[in-house]
Amino acid sequence: GSGTLEFGLWCGSATTVSFDMYQLAPDGASDSVWIRVDDQVQRIWHTGEHHDWSWGYDSPSFAVANGSHWVVLSNREDGITIKTIRLVSGSEACYFQVARSMPAVDGLIQAPFEIVNDAVKLDEDAGDNLGSPGQGKIEFDLVCSWATDVLYGRVEPRLGV
């Protein structure tokens, strides 16, 4: 296949970044991925063979400027399973950007909302007036690293997501 994982990265100053990932790679034919940052040349990242969940070998390093970047992992060998990616070098200047949206099913669901397949549905018998505040809700935790204004509104799905 031609699968990819993409992660937003923000750097407050120019630095060099490298990564590590918590992964399973059961044999030598499943222990690598392609990695690139932005439009830089993609490189092979050999993570090492791991039969149990563990942190693999560090990725190749990439020089990055101040600003927003994309870290892209692409498939190279079948069989690798990735749970987490983290910064090894560059963490003093960079951090992964948080998601701008979240699937509704990842929230804490309270009836009459219910999960149906990969979406949240309001029960048709709930009526237009749910009664007292707090009855029927989808709750999300929001953590901010610094004081900020949080705005919310209607979220439109992006094509291909």
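Two strands count as paired here if DSSP finds at least two bridges between them. With that in hand, a good place to start is Glu6, which stands opposite Val72 in β7. Please keep in mind as you read that this is a predicted model. The protein has 13 strands and zero helices, and the points below walk through its sheet, its aromatic rings and one buried aspartate.

**How far to trust the model**

- The mean pLDDT of the protein is 79, and 68% of the residues reach at least 70.
- Confidence is highest in strand β6 (residues 62-64), at a mean of 98, and lowest in strand β13 (residues 137-139), at 65.
- Residues 154-161 stay under 50 in pLDDT, and the model gives this stretch zero contacts beyond four places in sequence.
- Where pLDDT is low, the predicted coordinates should not be read in detail.

**Overall make-up**

- Read from the N terminus, the elements run β-β-β-β-β-β-β-β-β-β-β-β-β.
- Of the 161 residues in the protein, 25% are buried.
- Taking contacts between residues at least 6 apart in sequence, 74% join residues that are at least 24 apart.

**The five-stranded sheet**

- Five strands make an open sheet in the order β4-β3-β7-β1-β9, with antiparallel pairing.
- Strands β4 (43-46) and β9 (94-96) stand at the edges with a single partner strand each, so one side of each has no neighbour in the sheet.
- On average, neighbouring strands of this sheet are turned by 35 degrees against each other, direction ignored.
- Strands of a sheet pair through backbone hydrogen bonds, either parallel or antiparallel.
- Strand β1 (residues 4-11) pairs with strand β7 (residues 67-75) in the antiparallel sense over eight bridges.
- Strand β3 (residues 32-37) also pairs with β7 in the antiparallel sense, over five bridges.
- Val71 in β7 stands opposite Phe7, and Val37 stands opposite Val71 as well.

**Phe7 and its aromatic partners**

- The model holds four aromatic pairs.
- In one of them, the ring centres of Phe7 and Phe96 are 6.0 Å apart with planes at 65 degrees; angles over 60 count as edge-to-face, so this pair is edge-to-face.
- This pair links distant parts of the chain, as Phe7 sits in strand β1 and Phe96 in strand β9, 89 residues apart.
- Phe7 has a relative accessible area of 24% and is therefore partly exposed, since that class lies between the 20% limit for buried and the 50% limit for exposed.
- Phe96, at 25% relative accessibility, is partly exposed too.
- Phe19 joins Phe7 and Phe96 in one aromatic cluster.

**Tyr22, the tryptophans and two charged side chains**

- The rings of Tyr22 and Trp55 have centres 5.1 Å apart and planes at 50 degrees, so this pair is tilted.
- Tyr22 belongs to strand β2 (residues 15-25) and Trp55 to strand β5 (residues 50-55); with their positions 33 residues apart, this pair also links distant parts of the chain.
- Tyr22 is partly exposed, with a relative accessible area of 25%, and Trp55 is partly exposed at 31%.
- Arg86 lies over the face of Trp55, 3.6 Å from the ring centre.
- Trp53 has the charged end of Lys83 over its ring, 4.3 Å from the centre.

**Asp20, a buried acidic residue**

- Is Asp20 buried or exposed? With a relative accessible area of 4%, Asp20 is buried, because that value falls under the 20% limit.
- Asp20 is placed in strand β2.
- Which residues does Asp20 touch, leaving aside those up to four places away in sequence? The contacts are Trp45, Trp55, Gly56, Tyr57, Asp58, Thr84, Ile85, Arg86 and Val88.
- Two of these names, Trp55 and Arg86, are the partners in the charge-over-ring arrangement described above.
- Tyr57 lies 37 residues from Asp20 along the chain, yet the C-alpha atoms of Asp20 and Tyr57 are separated by 6.5 Å.

Technical notes. Residues are numbered from 1 along each chain as its sequence is written. This is a predicted model: local features need pLDDT of at least 70, side-chain atom pairs count only at pLDDT 80 or more; totals for chains, interfaces and linings use all residues. Side-chain values use heavy atoms; hydrogens and water are left out. pLDDT is the predictor's confidence in each residue, from 0 to 100. Helices (H or I, at least four residues) and strands (E, at least two) are DSSP runs, numbered from the N terminus. Contact means heavy atoms within 4.5 Å. Axes are lines fitted to C-alpha atoms, for helices over the stretch in contact, and angles run from 0 to 180 degrees between N-to-C directions. Rings of Phe, Tyr and Trp (its six-membered ring) pair if their centres lie within 6.5 Å; planes under 30 degrees apart count as stacked, over 60 as edge-to-face and the rest as tilted. Buried means under 20% relative accessible area, exposed over 50%, partly exposed in between (1.4 Å probe, protein chains only). A charge sits over a ring if NZ of Lys or CZ of Arg is within 6 Å of the ring centre and within 35 degrees of the ring normal.
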